[in-house]
Amino acid sequence: MTPLLTALGCEGQVHLIIGSNPLASARCAKSLEVGAKPKIIARADADVHYVLAKRIEQGEVEWIKKEFCDEDLTTLGREEIDGVVDAVFVTSGGKSNLSTHISQLCRRKRIPVNVVDAPNLCTFTLLSTHSDGPLQIGITTSGKGCKLASRIRREIASMLPPNFGNAVDRLGTMRRRIWEEDHKTYQTEEAAPEAEDDDAPAQRPTFNRLVSEDDAGAAKTRRMRWLSQICEYWPLKRLAGITDADIETMLQSYSSPTHAAPVIRANATSKPQIILAGSGPGSPSLLTLATHKAIQTASIILADKLVPAQVLELIPRRTTVHIARKFPGNADAAQAELLQLGLDALQKGQTVLRLKQGDPYVYGRGAEEYAFFSERGFTPIVLPGITSALSAPLFAAIPPTHRSVTDQILICTGTGRKGAAPDPPPYVPTQTVVFLMALHRLSLLVDALTGTAGTADVGDGVSEKKHWPRETPCAVIERASCPDQRVIRSTLEHVVAAVEVEGSRPPGLLVVGWSCEVLHDPKGKGRWVTEEGFSGFDGMDFDGRLALDSPANSRPDAELDERHTETPNTSHALKQIR
Ligand code: SAH
């Protein structure tokens with residue numbers, strides 16, 4: 001059975017400490033810290049630890065110079081409880097007869113007792129604690145290892161921002177003041193702040209409900225709910241940055257509680273910032289740490305439609321998210337809308353993350369956006385992302401360069417301006433060509449590459465363009481690194497038929513070149529082979545998803561403007577040969 005962890009109020013209590021060794025000294029120190037009155041029992045000729053001796057000299061600790069006797073338990077305590085002591089600490093002797101005797105006696109009299117090194121004789125044990133003002137963290141391993149407990153305590157404490165106790169204090173003050181003011185105005189039935197336990201259920205079902213302007217009932221408690229929400233969602237570091245002045249501003253900004261909640265910034269000097277970042281091909285594990293951090297800390301995220309749902313799931317719930325409403329014919333308007341949203345947020349002093357799929361500068365209009373914001377006085381920080389152009393071939397086991405096979409990589413688009421087929425690259429046997437945005441007009445592209453009748457060469461008059469042989473191996477790779485990744489291996493001759501039969505699963509790209517055969521021998525494989533599922537992380541001790549560190553990170557659906565379809569988690573690669 002695990003023990004019930006509680007926090008005991010000990011102010012004014014009498015703690016009886018048997019012994020005068022260093023442990024007794026430490027117990028006295030703890031008792032004094034919590035406002036109790038320690039009394040030690042030890043013979044007049046006992047060795048007294050020097051720190052303890054000092055405390056005795058200063059009158060902080062009372063030394064009763066004698067052997068323990070049973071009556072001590074019921075005579076040395078507070079008068080108002082008939083002299084019964086509030087707790088007993090036996091600091092030496094372990095399983096000696098005296099310790100056992102004291103323990104039994106205490107149990108009978110329901111006096112909490114702790115005996116050093118004798119868990120069976122204790123009715124309570126002390127936790128390894130971290131104290132920072134009102135913030136207390138206690139660890140117990142239920143007697144399995146005190147060194148380990150202390151290590152765990154240190155690790156946990158080191159994760160907190162420095163002096164976090166001050167922040168706890170400030171937020172507590174704010175809470176109390178809001179409660180008092182609201183209570184005066186409305187006589188609300190909300191429990192008074194001090195009546196709440198730390199283990200009270202954190203959220204009621206209405207916690208995230210939107211408070212509308214005319215919802216007077218909800219507006220009453222709006223400030224309190226706002227405070228609860230920032231405590232729940234803001235990063236601790238940001239909470240730690242709240243100053244007394246911030247609290248004043250926030251409290252005063254409510255002449256009437258129907259005002260909107262004010263924005264408190266972590267520090268007064270925080271500047272507007274725009275980060276243009278790539279989110280990688282799909283799997284959250286392929287985000288860079290820099291981008292992941294930006295996702296966690298931005299106040300508003302403007303995401304491309306292609307940014308996969310698993311990456312969007314990492315966005316903390318408190319963060320505003322807009323997903324580009326790009327659909328055919330609306331791309332420019334959607335782009336303009338997103339840029340304007342970014343600009344508005346910057347003008348309000350917010351941190352904006354413009355999240356793009358793959359790498360922001362590879363077919364992502366990244367530089368246009370860079371120019372847009374720079375020209376308006378906000379120069380973006382640009383963070384790279386793993387581009388699908390290189391990672392999709394990798395996850396399909398295609399090395400785009402390979403000694404004596406290919407020594408060049410060409411990344412190009414399969415869609416020209418206004419949707420026309422672009423000028424196809426000439427045949428270079430040692431080249432791997434990766435075509436992005438190529439699948440919806442695959443047949444036109446393949447025709448142009450292979451010089452199939454009906455497509456005219458756009459020769460430059462000097463050298464005649466060489467066409468790609470129809471037997472050149474190629475692969476269509478879709479949703480690379482996502483659980484529903486699919487690879488179709490074929491040749492330029494059959495790839496169009498393959499995609500027609502198999503259908504499409506965007507986003508996808510086409511890889512053309514002899515590198516497609518380096519790790520895959522096509523012999524005896526028919527016109528095409530289809531491989532289902534992503535197994536790029538199989539065998540690793542993580543499943544390719546970042547651990548979501550708190551439930552606060554999962555977002556309610558309603559906050560997404562647009563949803564990506566959920567995908568089944570198929571970790572087994574399935575192969576189908578046609
Ligand atoms: N900036 C992105 C590319 C944007 S263009 C990058 O660096 O990856 C969009 C095209 O990228 C899609 O049409 C598709 O061809 C390709 N693409 C993006 N993600 C992909 C993925 N997970 N698997 C395969 N192709 C992908």
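**Exercise 1. Determine whether Arg-354 and Asp-304 are buried or exposed, and work out what joins them.**

Arg-354 is buried, and Asp-304 is buried as well, where buried means under 20% relative accessible area, exposed over 50%, and partly exposed in between (1.4 Å probe, protein chains only). This is a predicted model, in which local features need pLDDT of at least 70 and side-chain atom pairs count only at pLDDT 80 or more, while totals for chains, interfaces and linings use all residues. Residues are numbered from 1 along each chain as its sequence is written, and side-chain values use heavy atoms, with hydrogens and water left out.

The next step is to look at the side chains: those of Arg-354 and Asp-304 meet in a salt bridge at 2.8 Å, N to O, a salt bridge being a side-chain nitrogen of Lys or Arg within 4 Å of a carboxyl oxygen of Asp or Glu. Arg-354 lies in strand β11 (residues 351-356) and Asp-304 in the loop between β9 (300-303) and α12 (309-312), so the pair ties together parts that are 50 residues apart in sequence. Helices (H or I, at least four residues) and strands (E, at least two) are DSSP runs, numbered from the N terminus.

**Exercise 2. Find which residues are joined with Asp-304 into one network of salt bridges.**

Begin with Lys-356, whose side chain meets that of Asp-304 in a salt bridge (3.8 Å, N to O). This pair links distant parts of the chain, since Lys-356 is in strand β11 and Asp-304 in the loop between β9 and α12, 52 residues apart. Both Asp-304 and Lys-356 are buried. Salt bridges that share partners then join Asp-304, Arg-354, Lys-356 and Glu-369 into one network. In the whole structure, the search finds 22 salt bridges.

**Exercise 3. Identify the buried residues of helix α4 and explain why they line one face of the helix.**

First, list the residues of α4 that are buried, namely Ser-99, Ile-102, Ser-103, Leu-105 and Cys-106. Seen down the axis of α4, these buried residues fall within an arc of 165 degrees, so they line one face of the helix; the arc is that of the directions from the helix axis to the C-beta atoms. On the other side of α4, Asn-97 and Arg-108 are exposed.

Finally, consider the neighbours: the buried residues of α4 pack against β1 (14-18), α3 (72-75), β4 (87-90) and β5 (113-115), with contact meaning heavy atoms within 4.5 Å. Just after α4, Arg-110 takes a positive phi of about 55 degrees.
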